[in-house]
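Reader: I am new to this structure and would like a close look at one part of it. Could you start with a place where two helices pack together, and then work outward from there?

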Amino acid sequence: MPELYTLDECLDLYADAFCIGRQRECLFLSLWGRDTALQELLARLTLPAADNGLDTLHLCRGDTRHPMVFGDMDRYSRRSARLRQTRFGTLVHVWLFDQCCITPDRANLHSIALLDDEERACPVDDRLWPRVRELCPLPLLDHWQVPVMTLLHAQQAVLPASFSQGPIQAWEISLDENDLALRLSGMIRAGVLTPET
């Protein structure tokens, strides 16, 4: 049974998984509750504070509170599923996530990878590498994975979310094209990166 967190702003809703970025921003949020409570919360996230709107949620469990900040709601995608009638009435499950989880921001070279804990047998870098290759405007060969990922980790261009709860982990990828081009060309000249395996 997953750990459930309540929301200070709406006690009728529960979160079973969420990922918070380095600026306390919401990267991913999985909520359960009645449809009316969820619709009210989602509406309040789009309103200004003067109109009873919200820009921060507080996810709580015991004495632990995790603030989660929402900026422009246009950057978020939403998926929902309605469950059959339960002992508690009809429940709705909503996933709210930054669109960079699906479509990389190629203009700013930013992407978010959501990794499922069930795939832990596969190393993290193996799961992040396809997303790095997709985002990077420079051509990357598959056998360059280890040295390039080592470089990106050293530059903190690939970082885990500041906090992840539940079966999902978020990783943020932010590339600097000019710096990366300079470093990759140096690695090619040094023979670290070669055209063939």
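Author: In this predicted model, helix H3, residues 145-154, packs against helix H4, residues 177-189. Their axes are 12 Å apart and meet at an angle of about 140 degrees. That angle makes H3 oblique to H4, because it falls outside the 65 to 115 degrees of a roughly perpendicular pair and is not over 145, where roughly antiparallel begins. The crossing of the two helices is right-handed. From H3, the contact is made by Pro 147, Val 148, Leu 151 and Leu 152. From H4, it is made by Leu 180, Arg 183, Leu 184 and Met 187. Two packed helices are described by the angle between their axes and the distance between the axes.

Gly 186 is also in H4. With a relative accessible area of 26%, Gly 186 counts as partly exposed, because the value is neither under 20% nor over 50%. The C-alpha atom of Gly 186 is separated by 42 Å from that of His 66, and the two residues are 120 apart along the chain.

Another helix lies across strands. Helix H2, residues 124-135, lies across S8, S9 and S11, and it runs at about 150 degrees to S8. These three strands form an open sheet in the order S8-S11-S9, and the pairing is antiparallel. Strand S8 (110-116) and strand S9 (158-160) are at the edges, and each has a single partner strand, so one side of each has no neighbour in the sheet. From one strand to the next, the twist averages 25 degrees. Strands of a sheet pair through backbone hydrogen bonds, either parallel or antiparallel.

Strand S11 covers residues 168-174, and seven bridges join S8 to it in an antiparallel arrangement. Within that pairing, Gln 169 in S11 is the bridge partner of Leu 115. Gln 169 also has a contact outside the bridge: Asp 117 touches it, along with Gly 166 and Pro 167, when neighbours within four places in sequence are left aside. Asp 117 is in the loop between S8 and H2. Its relative accessible area is 18%, so Asp 117 is buried, the limit being under 20%.

A second antiparallel pairing involves other strands. Strand S3, residues 26-33, is joined to S7 by six bridges, and in S7 the bridge partner of Ser 30 is Trp 95. Strand S7 spans residues 89-98 and is mostly covered, with eight of its 10 residues buried. In a regular strand the side chains alternate between the two faces of the sheet.

Two loop residues have an unusual backbone sign. Most residues other than glycine have a negative phi. Arg 24 is not a glycine, yet its phi is positive, at about 65 degrees. Arg 24 lies in the loop between S2 and S3. With a relative accessible area of 45%, Arg 24 is partly exposed. Asn 52 is not a glycine either, and its phi is likewise positive, near 70 degrees. Asn 52 lies in the loop between helix H1 (35-44) and strand S4 (56-61).

The aromatic rings come last. A pair of aromatic rings is described by the distance of the centres and the angle of the planes. The count comes to three aromatic pairs. In one of them, the ring centres of Tyr 5 and Phe 18 are 5.1 Å apart and the planes stand at 85 degrees, so the pair is edge-to-face. This pair links distant parts of the chain, as Tyr 5 is in strand S1 (residues 5-7) and Phe 18, 13 residues apart from it, is in strand S2 (residues 10-20). Tyr 5 and Phe 18 are both buried. In another pair, the ring centres of Phe 70 and Tyr 76 are 5.4 Å apart with the planes at 55 degrees, so the pair is tilted. Phe 70 is buried, at a relative accessible area of 3%, and Tyr 76 is buried too, at 8%. Tyr 5 and Phe 18 also belong to one aromatic cluster together with Phe 163.

Notes:
Residues are numbered from 1 along each chain as its sequence is written. This is a predicted model: local features need pLDDT of at least 70, side-chain atom pairs count only at pLDDT 80 or more; totals for chains, interfaces and linings use all residues. Side-chain values use heavy atoms; hydrogens and water are left out. Rings of Phe, Tyr and Trp (its six-membered ring) pair if their centres lie within 6.5 Å; planes under 30 degrees apart count as stacked, over 60 as edge-to-face and the rest as tilted. Helices (H or I, at least four residues) and strands (E, at least two) are DSSP runs, numbered from the N terminus. Buried means under 20% relative accessible area, exposed over 50%, partly exposed in between (1.4 Å probe, protein chains only). Two strands pair if DSSP finds at least two bridges between them. Axes are lines fitted to C-alpha atoms, for helices over the stretch in contact, and angles run from 0 to 180 degrees between N-to-C directions. Contact means heavy atoms within 4.5 Å. Angles under 35 degrees count as roughly parallel, over 145 as roughly antiparallel, 65 to 115 as roughly perpendicular and the rest as oblique. A crossing is left-handed if the near helix is turned anticlockwise from the far one by less than a right angle, and right-handed if clockwise.
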